[in-house]
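The following exercises are to be worked with the sequence and the model at hand. Each task is followed by a solution in steps.

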Amino acid sequence: MVDSSHGDRGTISYTNAAAGVAYNASVMAVEATNSGARFAYTVPSTAPASVRGLIIVWQVKDNSPDTAAFKVAASTNQALDMVDHGFMPTNSYTVSSGGLDTAWASTYGQRGFALGNAAFGTSPSQHLAFVVLDYGMTGDTGVAFYANLTSPLTYQAPTPVVRVDGHSAWFAYTIPAGSSLAGTNVAWKVTDNAPDMVGFSVAPSASAAAMMVNAGFSPTNAYNVSTGDIAVVQLRPAPRLLGHASGDVWFGPRGARQMMSFAVYDYAFAPDRGSVAYRNLSAGIAYRAYVHDVRVTPHTAYFDYVVPTGSLKGTILVWKVSDHGKRHDHVGFSVASSLSAAQSMVEHGFTPTNQYTVTRGNLTVHMP
């Protein structure tokens with residue numbers, strides 16, 4: 001499970017064979033640190049009547065030994081308060097097999113996360129539980145628990161490499177000491193779909209497993225999830241303004257004077273935006289267009305658009321405007337053969353085919 005400002009997420013699978021109770025539930029809140037975690041959920045309607053609808057709050061501690069404890073809350077609000085501020089459990093236990101892993105991490109640079117609690121396969125019958133976090137090329141973290149109920153084979157391993165992309169996540173680990181497969185490098189792909197899917201391949205080394213994860217691979221062994229659930233969340237950074245340019249300028253020789261009024265904005269993590277109004281009265285041309293791409297550099301901005309109306313309809317124009325102070329500003333344009341060519345010209349810069357000194361008005365180019 002994940003404690004996140006974007007919305008806590010997680011699942012729990014609980015079994016008490018002696019009491020005949022078993023269920024899967026989604027958590028409503030999580031509070032995690034490097035040494036433990038608290039989380040709450042409502043027992044679902046599919047559970048036995050004796051526990052159905054109860055609101056359970058757990059406190060788990062990643063220690064030596066690991067411990068788990070819970071208390072029944074009287075209401076959702078009380079459960080949320082217990083998760084946020086802590087509580088004294090009424091039922092406490094020492095973990096006898098398996099293990100717990102909790103960690104706190106800054107959200108800076110986080111690209112996404114995935115979590116799941118899934119059963120799959122029939123011969124053998126297998127189970128995978130995991131929480132993995134993608135922080136780009138460095139800082140990935142997470143933990144995975146695997147059980148092969150036929151062998152039997154169980155282990156828990158940290159996941160040092162994770163990739164989240166769309167509805168799928170990839171992660172890898174080395175099976176730890178204490179297992180019959182200790183030292184084996186395993187790379188997984190999990191997909192949040194209908195149905196959810198999991199799959200794995202064995203890699204010859206940890207570095208090879210990392211390359212498989214970062215490239216995105218198709219597993220050698222793939223399965224539909226029979227019970228449980230997988231969630232994959234890709235986080236998209238907030239839009240950031242890199243720079244903007246605006247102007248209301250006249251240019252060109254006497255008898256063919258042109259006028260352009262524009263305001264364009266260069267964004268990271270969001271589409272660029274802006275508009276241009278252009279007039280060449282001697283040629284009988286006037287239109288307003290919306291830009292496709294913008295790049296702002298110190299003193300200079302580039303942008304492109306498609307002429308929407310008139311005799312030039314469909315023409316793709318790419319502009320370069322330079323802010324060097326009054327009487328020294330310049331504007332210029334070239335015609336592009338395609339939108340992809342225009343985008344490349346904006347991205348890499350170009351020398352305009354038609355270039356002019358601003359004769360009246362002013363333009364400004366700003367970077368944050």
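A residue is called buried under 20% relative accessible area, exposed over 50%, and partly exposed in between (1.4 Å probe, protein chains only). The model is predicted, so local features need pLDDT of at least 70 and side-chain atom pairs count only at pLDDT 80 or more, whereas totals for chains, interfaces and linings use all residues. Residues are numbered from 1 along each chain as its sequence is written, and side-chain values use heavy atoms, with hydrogens and water left out.

**Exercise 1. Describe the overall form of the protein.**

Step 1. Helices (H or I, at least four residues) and strands (E, at least two) are DSSP runs numbered from the N terminus. The protein holds three helices and 23 strands.

Step 2. The radius of gyration is taken over C-alpha atoms, and the globule rule is 2.2 Å times the number of residues to the power 0.38. A compact globule of 368 residues would have a value near 21 Å, but the protein has 29 Å.

Step 3. Along the principal axes, the C-alpha atoms fill a box of roughly 95 × 50 × 35 Å.

Step 4. Of the 368 residues, 43% are buried.

**Exercise 2. Determine which residues of α1 are buried and what they pack against.**

Step 1. The buried residues of α1 are Ala79, Met82 and Val83. They cover an arc of only 100 degrees around the axis, which puts them on the same side of α1. The arc is that of the directions from the helix axis to the C-beta atoms.

Step 2. On the face turned away from the buried side of α1, Asn77 and His85 are exposed.

Step 3. Contact means heavy atoms within 4.5 Å. The buried residues of α1 pack against β2 (21–32), β3 (36–42), β4 (55–61) and β5.

Step 4. Just after α1 comes glycine 86, with a positive phi of about 90 degrees.

**Exercise 3. Locate alanine 74 and state whether it is buried or exposed.**

Step 1. Alanine 74 belongs to the loop between β5 (67–73) and α1 (76–85).

Step 2. Its relative accessible area is 71%, so alanine 74 is exposed.

Step 3. Isoleucine 55 is 19 residues from alanine 74 along the chain, and their C-alpha atoms are separated by 7.2 Å.

**Exercise 4. Carry out the analysis of Exercise 2 for α3.**

Step 1. In α3 (residues 339–348), the buried residues are Ala342, Met345 and Val346. Viewed down the axis of α3, they fall within an arc of 100 degrees, so they line one face of the helix.

Step 2. Ser340 and His348 are exposed on the face of α3 turned away from its buried side.

Step 3. The cover over the buried residues of α3 includes β19 (285–297), β20 (300–306), β21 (316–322) and β22 (330–336).

Step 4. Glycine 349 follows α3, and its phi is positive, near 85 degrees.

**Exercise 5. Examine the backbone at proline 124, proline 152 and histidine 299.**

Step 1. Serine 123 and proline 124 are joined by a cis peptide bond with omega about 10 degrees. Proline 124 is in the loop between β7 (112–120) and β8 (126–134).

Step 2. From serine 151 to proline 152 the peptide bond is cis, with omega near -10 degrees. Proline 152 lies in the loop between β9 (141–148) and β10 (153–158).

Step 3. Histidine 299, although not a glycine, has a positive phi of about 75 degrees. Histidine 299 sits in the loop between β19 and β20. Its relative accessibility is 48%, so histidine 299 counts as partly exposed.
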